[in-house]
Amino acid sequence: MTQGIRTGVLGMGLMLAAASAMAQAPAGGDAAKIARGKYLMTIGACNDCHSPKKPGTTDPDTTRIFSGRPQTTMAPSQNPMEVHASLDLTAWAGPWGISYGANLTPDPETGLKKRYTEASFIKTLRTGKKPEGEDLLPPMPWALYKALSDDDLKSIWAYLQTIPAIKNNVKSAAPAKPAAPAKK
């Protein structure tokens with residue numbers, strides 16, 4: 001191979017690598033939007049309920065970030081007059097029933113992409129209702145998050161699309177059963 005051909009092949013390889021990197025990297029505006037979403041997820045303490053913890057700690061397991069309650073996490077004990085949490089804070093019980101931290105990763109089978117679009121995600125945080133009509137249960141502070149601007153909610157959605165998709169099927173919430181009528 002002559003020097004000119006080698007240089008041409010090397011140059012073409014570098015151009016293809018640069019084009020591939022540019023296609024995968026978010027554009028300038030998208031990068032700012034994603035950074036804003038990450039910031040909002042951080043100050044919103046979303047890790048507290050939506051990320052499994054490192055064993056024996058309350059530190060988020062960064063290899064399973066925002067993947068929701070692990071199947072191995074025991075549900076908290078229940079007392080309708082108290083609020084209880086699992087040791088890793090991904091499951092909660094109280095007068096509302098039992099709620100589990102959802103999988104917020106972009107996994108198409110068990111995460112957000114299974115039933116949400118950007119529009120339905122924003123609608124859920126505005127109304128407290130999931131796409132199927134189920135209520136968002138405590139401790140999810142959707143009533144606070146509904147005050148965020150559309151741009152902020154779109155930034156959170158954009159950020160969540162950039163994290164690794166993790167397959168983790170989270171158990172559905174168990175709303176409290178209505179009290180039985182008193183016997184006469």
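Good morning; I shall speak about two nonpolar cores and one buried aspartate, Asp88, in a predicted model.

Residues are numbered from 1 along each chain as its sequence is written. In this predicted model, local features need pLDDT of at least 70 and side-chain atom pairs count only at pLDDT 80 or more, while totals for chains, interfaces and linings use all residues; side-chain values use heavy atoms, without hydrogens and water.

I begin with the cores. A nonpolar core is a set of buried Ala, Val, Leu, Ile, Met, Phe, Trp, Tyr and Cys residues joined through side-chain atoms within 4.5 Å; buried means under 20% relative accessible area, with a 1.4 Å probe and protein chains only. The largest such core has 21 residues, and Met41, Phe66 and Tyr159 are among those with the most contacts inside it. Two or more residues each come from α2 (28-43), α4 (118-127) and α6 (150-160), helices being DSSP runs of H or I of at least four residues, and strands runs of E of at least two, numbered from the N terminus. The largest share, 6 residues, belongs to α6.

A second, separate core has 5 residues, including Ala91 and Val170.

I turn now to Asp88, in the loop between β1 (84-85) and β2 (91-94). What is the nearest side chain of opposite charge to Asp88? That side chain is Lys53, 5.7 Å away, and the buried Asp88 has no salt bridge (a Lys or Arg side-chain nitrogen within 4 Å of a carboxyl oxygen of Asp or Glu). Lys and Arg count as positive, Asp and Glu as negative, and His and the chain ends are not counted.

Conventions
Buried means under 20% relative accessible area, exposed over 50%, partly exposed in between (1.4 Å probe, protein chains only).
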